[in-house]
Amino acid sequence: MLGITACKAPNPEAPPIAPEPLTEPADPRLSPITPFSRLLPAGTNSITFSVTTQEPALVRADTSDKPFAEMSLSASYSDGLTHRFTVALQPDQPYRFFVKAAPRSNPTQPYALTRQVNYRVLQPYNPPYPRLFTLWWPRWGNWSELTVEKLLKLSVFILNIHPGEGRVPFDTRVLTEARKRNPHLKLLTQYFSTYGCTQSMCAALEAADNDPSDPQLYRKVFVRTASGKIAYAFGDNAVFNLTNPATVDLLVQLHYRVWREDLLLFDGAFMDSTWRGFSYVYGPYMPDKDLLDLDLDGRADPVQERDRAFEMGRIEFLQKLRAVMPNAILTANSVAGYPDRFHLNGNTGPLHDRQGKAYSYLESIDGMEYENDLEALSQGEYWLSFEEFVQRYRAWCRDTGCFTLVPNKIVADDSPNPDKAYQTLQAMRFGLAAALMSGGSFLHGGWKYYTYFDEYDINLGYPRTAGAPIASGSPVWRRDFDNGIALLNSSKTQTITVDLGGTFKALQGTQDPGVNNGATVTRITIPPLDGRILLK
């Protein structure tokens, strides 16, 4: 399962949260550093960070954890209690600062306390088309498959591991070198908003759920059934009870602790399992779905009330997560429909947060991932028209700064046959052309495999028109770019011949030479549910 539109500032209406004390002990002798660890907007060339002390003090900083006397940066201060550092920054360079202090009355005896902060300046994001992504689930820890060359054509790369979290180690130099050679590349790590966690996060959640000294969290961290059993989804994944505000706060704290280190390498996070209500985990994915008791009154909750309460909790979680991860790219999957409307149990309407204010998911996240839509479209099984798909896609995605993901997930997660991706080239062409109707990134295949197609080698440049039907009511859609055009036939049954209004050239490829034959054309015939990329 898996998701990404321009980065947003924190929602001013989001409930406040003070993240840095969650990761550093409170000590009045030397306060935590402000601003706290974060990514900084593209174009930032310096930052001023500060600490306060309880008494007049000397404060120093360095990019490594040196003894106080050896630290290279000395703070300026106005009244002896507020201490500021201003440092120059370079794009995409990770910065880690350590700060220590000593009382002015005894400067040779520094406090036994070190504060730390991490910053990195984002690169601008506006890659040419086509935009591509991969979600990497390394098979059996075979990290040799992850190479710089595989990342050079991508706009978004999602890695479903956390360095230092007890998983198979890998050489992060592959990622840093790829970003250096491909400045458009955005690297995302994978977080979880409904279930699933890293080793340290799971341990903290389980400890809180079993701690009777905290009545706000005791037996309230995970969703339970009316009989008190923890509810699981997809096997052994305990589902978080997002209807409990204390659980939401704990999850945000734990995500921030991981993010503080992740931001030195990653540009943001892919929020897996961001479902509306429990609709996605009905059936075999959550056996206890009809017995859930979110308010812990010993009775199963009505479906409508339960799903609305859960969505309100997820909105609060995303609002608070955005507040502690400003400027980071936050993406999500399975947030279906339009970003400012709810879609639950056959009902729809304007979205509101827990405080009753009108809400759009784009206030908190930067787009979504359409996990199953393109697969259904390319096989003629989609439940909406292609026009409706494009309308929803564009609601989440603009051409500039768009991080929405549009995979054609042909290969199942547990499939032993990754070659199926190369046996479905027509579906790949249709999916790629559909993705090109707006600014999202495309994948054809599955999460556990890397796939590459002839169409990925082209550079279409940037769009000159919006994607649209070639005539009113036509199932053929076209979009013009600097260096070519994208066409698709959304009809399930009709083969259609199109006059191009000019001379274009087919790609010269090897995977399907009957289509990509390098021919010069002024008109083209497109079978049902197929697409074409032509060059000028």
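Accessible areas are those found by the Shrake-Rupley method with a 1.4 Å probe.

**Figure 1. Overview of the chain in the predicted model.** By that method, about 21200 Å² of the chain is exposed, and carbon and sulfur atoms supply 51% of this area. The chain has 536 residues, of which 57% count as buried, and its secondary structure comes to 8 helices and 26 strands. The views that follow take up a sheet, two nonpolar cores, and several individual residues and peptide bonds.

**Figure 2. Close-up of an open sheet of 3 strands.** The strands stand in the order S2-S6-S5, and their pairing is antiparallel. Strand S2, which covers residues 46-52, and strand S5, which covers residues 76-77, form the edges of this sheet, each of them pairing on one side only. Strand S6, made up of residues 82-88, runs antiparallel to S5 and is joined to S5 by 2 bridges. Within this part of the view, Tyr 77 can be found opposite His 83 of S6.

**Figure 3. Close-up of the largest nonpolar core and of the surroundings of Phe 389.** In soluble globular proteins, nonpolar side chains tend to be buried together. The largest nonpolar core of this model holds 97 residues, and the members that touch the most other members are Phe 157, Leu 205, Phe 386 and Phe 389. Helix H4, which spans residues 245-262, gives the most to this core, contributing 9 residues. When neighbours within four places in sequence are left aside, Phe 389 is in contact with Tyr 370, Asp 373, Leu 374, Leu 377, Tyr 382, Val 406 and Ala 434. A second core, separate from the largest one, consists of 22 residues, among them Leu 30, Ala 61, Phe 85 and Tyr 119.

**Figure 4. Close-up of two cis peptide bonds, each leading into a proline.** The bond from Thr 34 to Pro 35 is cis, with an omega near -5°, and Pro 35 belongs to the segment before strand S1, whose residues are 38-40. The bond from Tyr 129 to Pro 130 is likewise cis, with an omega near 0°. Pro 130 is placed in the loop that lies between strand S8, residues 115-121, and strand S9, residues 133-136.

**Figure 5. Close-up of Arg 219 and Leu 529, two residues with positive phi.** Although Arg 219 is not a glycine, its phi is positive, at about 60°. This residue is located in the loop between helix H3, residues 199-209, and strand S12, residues 232-233. Because its relative accessibility is 35%, Arg 219 counts as partly exposed. Leu 529, which is not a glycine either, has a positive phi of about 50°, and its place is in the loop between strand S25, residues 520-526, and strand S26, residues 530-535. Leu 529 counts as buried because its relative accessible area is 10%, which falls under the 20% limit for that class.

**Figure 6. Close-up of Cys 197 in the loop between strand S11 and H3.** Strand S11 covers residues 186-192, and Cys 197 lies in the loop between this strand and H3. Cys 197 counts as buried because its relative accessibility is 17%. In sequence, Cys 197 and Leu 254 are 57 residues apart, while in space the distance between them is 9.6 Å, taken from C-alpha to C-alpha.

Notes:
Residues numbered from 1 in each chain as written. Predicted model: local features only at pLDDT ≥ 70, side-chain atom pairs only at ≥ 80, totals over all residues. Heavy atoms only, no water. Pairing = 2+ DSSP bridges. Helix = DSSP H or I, 4+ residues; strand = E, 2+ residues; numbered from the N terminus. Buried < 20%, exposed > 50% of the residue type's maximum accessible area, 1.4 Å probe, protein only. Core = buried A, V, L, I, M, F, W, Y, C linked by side-chain atoms within 4.5 Å. Contact = heavy atoms within 4.5 Å.
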